[in-house]
Amino acid sequence: VLRKASAAARHLVWLIALGALLVLPMLSAMLPGWRVLPSWTLIAPQPAASPAVAVAPIAEEVPLLSTEPMVLPEGVSGTIDLASAPAESSLTFRDWVPFFWAAGFILLILRLLAARVRLSQAARRCEVISQGRMREMMESARRELHIGHPVQLLLDTHRSIPMVWGLFRPRMILPGEAVDWEEHQVRSVLLHELAHIKRRDLAAQLLIQCTCALYWFNPLVWFAAWRLHVEAEQA
């Protein structure tokens with residue numbers, strides 16, 4: 001329906017959908033149940049009595065399970081208590097489903113934490129750009145987009161593509177060859193990456209990753225996350 005709309009509008013729709021999925025388990029636990037069918041559908045039908053059927057009275061009531069200990073035959077010591085006999089139990093696939101979900105959820109959360117640790121380690125080996133031509137261009141682009149808080153500019157010789165991360169202390173990493181780029185190319189890259197900070201795409205990305213971890217078994221959630229990323233880049 002929104003094929004002819006802006007990328008920002010499509011991004012907002014995907015973001016609301018994934019955000020609703022993240023809130024859905026909490027709402028299911030907090031809000032009262034919603035009965036769709038009327039109450040009379042939950043009443044089990046009573047069996048009709050068959051006419052002219054004589055039932056003979058039971059002469060003696062036979063217990064199904066005796067609670068008295070059973071005496072073993074002569075020559076065998078001990079007794080058997082039928083009431084304390086362990087009941088036979090078996091786990092079905094339905095019982096294992098929560099464990100499968102928890103394993104996938106924990107793995108994806110650990111992967112998310114590992115990615116944050118790797119980014120922090122990469123930032124330590126980067127060169128901080130605090131002055132010079134690139135820093136002046138960064139400040140000019142930041143003022144143009146009306147971003148009030150500072151953004152740290154880093155240079156990484158081991159990286160080939162620029163990126164930004166950090167919710168509270170945003171950082172931008174540029175590849176080492178960025179020092180040889182033309183001025184218009186540097187300006188275009190800076191405006192593109194700063195636009196992610198301006199649009200709060202970093203917070204949206206964290207929401208996406210949490211939603212994918214919660215619904216890792218649903219391929220439609222992964223498709224929605226991919227479309228959200230595509231629309232964010234176009235916006």
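**Notebook: aromatic pairs and a cluster**

I looked up Trp 101 and noted that Trp 101 is partly exposed, with a relative accessible area of 31%, where buried means under 20%, exposed over 50% and partly exposed in between, for a 1.4 Å probe and protein chains only. The model is predicted, so I kept in mind that local features need pLDDT of at least 70 and side-chain atom pairs pLDDT 80 or more, whereas totals for chains, interfaces and linings use all residues. Residues are numbered from 1 along each chain as its sequence is written, and side-chain values use heavy atoms, with hydrogens and water left out.

I then went through the ring pairs, for which the centres of Phe, Tyr or Trp rings (the six-membered ring of Trp) must lie within 6.5 Å, with planes under 30 degrees apart called stacked, over 60 edge-to-face and the rest tilted. By this rule I have six aromatic pairs. For Trp 14 and Phe 223 I noted ring centres 6.1 Å apart and planes at 80 degrees, so this pair is edge-to-face. Trp 14 counts as partly exposed at 26% relative accessibility, and Phe 223 counts as partly exposed at 42%.

Trp 101 and Phe 105 gave me a stacked pair, at 5.2 Å centre to centre and 15 degrees between the planes. I entered Phe 105 as partly exposed, at 26% relative accessibility.

Last, I found that ring pairs link Trp 14, Phe 223 and Trp 226 into a cluster. Over the face of Trp 226 I noted Arg 227, at 5.2 Å from the ring centre, the rule being NZ of Lys or CZ of Arg within 6 Å of the ring centre and within 35 degrees of the ring normal.
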